[in-house]
Amino acid sequence: MTERKPPGVSFESFVDKQIREASERGEFRSLPGFGKPLPDDSAPYDELWWVKQKMHREGMAVLPPALQLRKDAEDATAAVAAAVSERQVRRILGEINTKIAEALARPPAGPPLNLTLFDVEAAVARWRAERSLP
């Protein structure tokens, strides 16, 4: 875009022409997100949108540790329901039980934890029953 705007041409039509010509030459095809829909912009403006996107990309949480652990426990329950093998069920519950045990031994700051360890054998039995496995 080193070309200068000619006198007498409105800036908008000059820019629109350059964009159209670049599009026709295929210069936008290599850009990330090409061919994908634009994100929804109907939400009210948030000054910290970029912080929230960065935190989402990095997998960071804004919840207090106790509430995050409760959410993790709910996610583990959903993951058990979607598990395809008994080994996967045991792994999921083992991981969340480790986190819960650590939190029970050293309670995190924030609201009360209100969690107990998952009964792995009972959960495996329910998982089997839902799939009619022996």
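In the predicted model, the exposed residues Arg 87, Glu 102 and Ala 105 are carried on the face of helix α4 that is turned away from its buried side. The helix itself comprises residues 86-105, and its 20 residues reach 28 Å from the first C-alpha to the last, close to the 28 Å expected at 1.5 Å a residue. The buried residues of α4 are Val 89, Ile 92, Leu 93, Ile 96, Asn 97, Ile 100 and Ala 103. Viewed down the axis of α4, these buried residues fall within an arc of 130 degrees, so they line one face of the helix. The elements that cover the buried residues of α4 include α3 (65-82) and α5 (120-130).

A search of the whole structure finds twelve salt bridges, and several of these involve side chains of α4. Glu 86 and Arg 128 meet through their side chains in a salt bridge with an N to O distance of 2.5 Å. This pair links distant parts of the chain, with Glu 86 in helix α4 and Arg 128 in helix α5, 42 residues apart. Glu 86 counts as partly exposed because its relative accessibility is 23%, a value that lies between the limits of 20% for buried and 50% for exposed residues; Arg 128 is likewise partly exposed, with a relative accessible area of 29%. Both residues belong to a network of salt bridges that links Glu 86, Arg 90, Glu 121 and Arg 128.

A further salt bridge is formed within α4 by Arg 91 and Glu 95, whose closest N and O atoms are 3.3 Å apart. The two residues are four places apart in the helix, which is about one turn. An α-helix has 3.6 residues a turn, so residues three or four places apart point the same way. Arg 91 is partly exposed at 43% relative accessibility, and Glu 95 is partly exposed with a relative accessible area of 44%.

A pair with this spacing is also found in helix α1, where Lys 17 and Glu 21, being four residues apart, are separated by about one helical turn. Their salt bridge brings the closest N and O atoms to 3.5 Å. Lys 17 counts as partly exposed at 38% relative accessibility, as does Glu 21 at 26%.

Apart from these charged pairs, Ile 19, Phe 28, Leu 31 and Phe 34 make a nonpolar surface patch of about 360 Å². Of these residues, Phe 34 is found in the loop between α1 (11-25) and α2 (49-58), and its relative accessibility of 46% places Phe 34 among the partly exposed residues.

Key. Residues numbered from 1 in each chain as written. Predicted model: local features only at pLDDT ≥ 70, side-chain atom pairs only at ≥ 80, totals over all residues. Heavy atoms only, no water. Patch = residues over 30% accessible without salt bridge, like charges linked within 9 Å, V, L, I, M, F, W, Y side chains within 5 Å. Areas by Shrake-Rupley, 256 points an atom, 1.4 Å probe, with all protein chains shown as cover. Salt bridge = Lys/Arg side-chain N within 4 Å of Asp/Glu carboxyl O. Buried < 20%, exposed > 50% of the residue type's maximum accessible area, 1.4 Å probe, protein only. Expected span 1.5 Å × (residues − 1). Arc of directions from axis to C-beta. Contact = heavy atoms within 4.5 Å.
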